[in-house]
Amino acid sequence: MADEISTPPPPKRTSLRTWGLVAALILAIVFVVANSQRVEIDFILGKATTSLVFALLIAMLLGFAIGWLSARWRAHRR
């Protein structure tokens, strides 16, 4: 049997993109928590009254989904 010398894998380096995402997420959470009053939201077919926290979270999730899907669509086209 041959003795195999295993070297530890190099440490993972956190990219600038990851740090930017973490910073944006922290800022978004602080912004959402600071805006907790109730608001009226006008839709095309009606109105709803809800906490601004939920409206902002829904808007952020929709923005994230649109950005993620458009990035995948662009990558698929290439």
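This is a short walk through a pocket, a surface patch and a salt bridge in the structure above.

Okay, hi everyone. Before we start, keep in mind that what you see is a predicted model.

Let's begin with the pocket. How big is the largest pocket in volume? The program puts it at about 290 Å³. Two elements each give two or more residues to its lining: helix α1, which covers 16-34, and helix α2. Of these, α2 gives the most, with seven residues. In total 13 residues line the pocket, and if you want to find its centre, look for Leu25, Ala28, Met60, Leu61 and Phe64, which lie nearest to it. And what kind of residues make up the lining? Well, 11 are nonpolar, two are polar, and none are charged.

Now let's go to the surface. There's a nonpolar patch there of about 590 Å², built from Phe54, Leu57, Ile58, Met60, Leu62 and Ile66. You may recognise Met60, one of the residues nearest the centre of the largest pocket. Let's pick out Ile66, which sits in helix α2, residues 52-77. Is Ile66 buried or exposed? Its relative accessibility is 59%, and the cut-off for exposed is over 50%, so Ile66 counts as exposed.

Last stop: charges. How many salt bridges does the structure hold? Just one. Glu40 pairs with Lys47, and their closest N and O atoms are 3.6 Å apart. We can use that cut-off again here: Lys47 has 62% relative accessibility, so this residue counts as exposed too.

That's my tour, thanks for listening!

Conventions:
Residues are numbered from 1 along each chain as its sequence is written. This is a predicted model: local features need pLDDT of at least 70, side-chain atom pairs count only at pLDDT 80 or more; totals for chains, interfaces and linings use all residues. Side-chain values use heavy atoms; hydrogens and water are left out. Patches are made of residues with over 30% relative accessible area and no salt bridge: like charges are joined within 9 Å, nonpolar side chains (Val, Leu, Ile, Met, Phe, Trp, Tyr) within 5 Å. Accessible areas come from the Shrake-Rupley method with a 1.4 Å probe; for residues, only the protein chains shown count as cover. A salt bridge is a side-chain nitrogen of Lys or Arg within 4 Å of a carboxyl oxygen of Asp or Glu. Helices (H or I, at least four residues) and strands (E, at least two) are DSSP runs, numbered from the N terminus. Buried means under 20% relative accessible area, exposed over 50%, partly exposed in between (1.4 Å probe, protein chains only). On a 1 Å grid over the protein atoms alone, a cavity is a set of points where a 1.4 Å probe fits but cannot get out, and a pocket is an open set with protein on both sides within 12 Å along at least five of seven lines; lining residues have an atom within 4 Å of a point. Grid points are joined across faces, edges and corners, and a volume is the space filled by probe spheres set on the points. Ala, Val, Leu, Ile, Met, Phe, Trp, Tyr, Cys and Pro count as nonpolar, Asp, Glu, Lys and Arg as charged, and the others, Gly among them, as polar.
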